[in-house]
Amino acid sequence: MFSLFVIPGHDRRLIPEGRLSGPMPWVIAIMIFLMVLATGAGLAFAEAGNNISDQLSSRATVQIIEANPDLKAQQTNDAAARLRGMALIEEVRVLPPKEIEDLIAPWLGQTASEMEEAQTGTLLEDIPLPSLIDLTLVRPAGEKELAELRAAIRPFAAGARVEPSSGLIAPVIALVRSLQWVAFGLVALLAMATAAAVIISARAALNTHKETIGVIHLLGGTDEQISRLFQRRIALDALLGGILGLICGTAIILLLGIQLSALGSGLMQSLGLSWLSWLIIGLIPILGMILAMVTARMTVMGALKKIL
Amino acid sequence: MNEIVQFENVGLRYGAGAETLSDLTFTLYPGSFYFLTGASGAGKTSLLKLLYLAQRPSRGLIRLFGEDAVTMSRARLPGFRRRIGVVFQDFRLVPHLSAFDNIALPLRVAGVKEKELVTPVAEMLDWVGLGDRAEARPATLSGGEQQRVAIARAVIGRPEILVADEPTGNVDPEMALRLLQLFEALNTLGTTIVVATHDIHLLSKVAGAQMMRLEKGGLSDPTGSLRNPPLPRDRA
């Protein structure tokens with residue numbers, strides 16, 4: 001590929017090159033800009049989906065539902081003790097009442113501390129909330145594992161419920177996965193649109209330089225020699241446009257990242273990009289250039305084959 | 001004597017119309033000089049296009065340098081074209097290249113190194129009297145100067161055949177004579193020359209030249225040279 005850019009000056013002059021004077025670099029810049037955004041979104045959704053799945057697949061929650069607070073506390077302690085003795089369990093954490101109140105406070109409008117300040121008592125006094133035991137399993141929580149957990153705590157808390165954490169957020173994961181594929185679909189469509197733009201540009205360039213190409217042909221020039229001139233021109237256009245698009249796209253992604261971080265939502269904060277994702281995004285102008293080059297080559301070679 | 005070009009019952013038709021060239025059968029021999037004459041529209045340019053491989057015939061056989069040029073694959077055509085020099089009727093100079101670069105074009109296409117082509121191109125410019133116009137673009141050259149650049153470009157690669165379509169059409173009689181002398185000089189070096197012209201005065205200027213005459217797409221052979229190999233020029 002390197003040899004493509006070291007065509008001698010006299011060969012380059014055969015097809016005049018107007019850098020940034022035509023629409024091609026700008027069209028490619030816009031395409032690459034959109035591709036960078038769509039790829040960034042797709043990769044962020046992919047990572048978010050994986051993170052959420054990894055975090056939740058081996059976790060489960062036990063709800064001890066009992067109106068009598070003393071009995072509920074007793075059942076919670078007994079169940080937690082039983083669970084700690086199981087080989088399936090890696091960690092057992094009984095959620096403190098304040099944490100449970102904080103969890104549901106957004107739906108009720110006041111936090112426990114705010115209630116204390118207002119001297120209106122606590123949520124636990126007014127609403128019979130279940131106690132919660134957060135479990136981390138040694139392996140993903142499938143139906144078999146959940147049945148084992150239910151059987152283990154039934155003697156201590158007959159009304160207890162065991163819920164896999166992944167089950168609660170499954171619709172969110174499905175949505176994230178859908179968004180991921182929509183983003184990657186957009187990248188594919190943009191790549192096709194870029195290729196179409198290159199085809200139009202290559203055909204226009206061929207038409208503009210028809211006379212010169214005819215002369216080179218009749219003087220013994222090969223299709224390969226002529227094609228290289230166009231490939232180089234279009235590859236440079238694509239590279240220039242691609243770098244411009246990458247700079248703009250990366251700036252937008254960074255800005256959005258800062259704004260998402262400021263939201264403070266756990267789900268939104270999971271939308272991050274790893275160094276591998278940044279590497280993939282950084283490669284987009286190169287891939288765009290290769291796509292443009294290959295498309296230009298196929299277009300030019302195809303057109304030249306129609307000439308004797 | 002081995003033939004360099006051989007046509008057998010060659011016909012050429014553009015689209016669905018009548019044949020532009022019909023039943024052409026002739027042989028060209030190495031080191032010979034041919035004038036191709038005929039009225040406008042007789043098919044001179046079409047015949048030359050077949051010779052310099054810009055066109056395939058609709059029928060018949062063409063052998064060039066001993067090989068079948070009709071069924072030859074596209075991939076092999078560039079190699080054969082580099083052995084043929086062409087002076088186009090409309091010059092076909094590359095407008096954004098200087099006179100020097102236009103003349104150097106066949107050498108660059110053939111992969112000649114830059115340092116090896118500077119001297120021959122400069123000599124060729126001097127030969128056609130344009131030594132001081134090396135950097136001039138075609139648009140700044142007169143018709144005659146453009147024609148000389150086109151001729152220099154055609155001969156710079158020392159082709160085995162030189163095909164020239166009305167090469168003296170845009171120059172004064174004195175320059176026409178000089179160009180003919182240039183062709184003769186090339187001919188004495190062994191190049192087969194085919195010059196299409198409707199200027200009958202030119203025919204007498206080259207000793208030993210043969211004449212091919214096209215009439216309504218058919219070939220007449222007034223000198224008999226196409227049927228019988230000519231003597232080498234130094235014995236003619």
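## A buried alanine and its two-chain setting

At 0% relative accessibility, Ala296(A) counts as buried. Buried means under 20% relative accessible area, exposed means over 50%, and partly exposed lies in between (1.4 Å probe, protein chains only). This is a predicted model: local features need pLDDT of at least 70, side-chain atom pairs count only at pLDDT 80 or more, and totals for chains, interfaces and linings use all residues. Residues are numbered from 1 along each chain as its sequence is written, chains are lettered from A and ligands numbered from 1 in the order in which they are written, and side-chain values use heavy atoms, with hydrogens and water left out.

**Around Ala296(A).** Ala296(A) sits in helix H12 of chain A, residues 275-305. Helices (H or I, at least four residues) and strands (E, at least two) are DSSP runs, numbered from the N terminus. Leaving out residues up to four places away in sequence, Ala296(A) touches Val198(A) and Ile234(A). Contact here means heavy atoms within 4.5 Å. Ala196(A) is 100 residues from Ala296(A) along the chain, and their C-alpha atoms are 9.9 Å apart.

**Chain A as a whole.** Chain A has 12 helices and four strands. Of its 308 residues, 41% count as buried. Take the contacts in chain A with a separation of 6 or more: 83% of them join residues 24 or more positions apart.

**Where the chains meet.** Here 21 residues of chain A are in contact with 22 residues of chain B. The area buried between the two chains is about 2,000 Å², and carbon and sulfur atoms give 63% of it. Buried area is the accessible area (1.4 Å probe) that two parts lose on being put together, summed over both.

The rule finds one salt bridge across this interface. A salt bridge is a side-chain nitrogen of Lys or Arg within 4 Å of a carboxyl oxygen of Asp or Glu. Arg74(B) pairs with Asp223(A), with the closest N and O atoms 2.7 Å apart. On the side of chain A that touches chain B, helices H1 (9-12), H9 (210-218), H10 (223-263) and H12 each supply at least two residues. H9(A) gives the largest share, five residues. This side of chain A divides into 10 nonpolar, seven polar and four charged residues. Ala, Val, Leu, Ile, Met, Phe, Trp, Tyr, Cys and Pro count as nonpolar, Asp, Glu, Lys and Arg as charged, and the others, Gly among them, as polar.

**Salt bridges.** Over all chains, the count comes to 13 salt bridges. The table lists some of them.

| Acid | Base | N to O distance |
|---|---|---|
| Asp134(A) | Arg59(A) | 2.4 Å |
| Glu99(A) | Arg93(A) | 2.8 Å |
| Asp90(B) | Arg92(B) | 3.6 Å |

Look at the salt bridge between Asp134(A) and Arg59(A). Asp134(A) is in strand E3 (residues 131-137) and Arg59(A) in strand E1 (residues 59-64) of chain A, so the pair ties together parts 75 residues apart in sequence. Asp134(A) is buried, at 12% relative accessible area. Arg59(A) is partly exposed, at 27%. Glu99(A) is partly exposed at 29%, and Arg93(A) is partly exposed at 33%.

**The largest core.** The largest nonpolar core has 43 residues, and those with the most contacts inside it include Phe33(B), Ile103(B) and Phe183(B). A nonpolar core is a set of buried Ala, Val, Leu, Ile, Met, Phe, Trp, Tyr and Cys residues joined through side-chain atoms within 4.5 Å. H6(B) gives the most to this core, seven residues.
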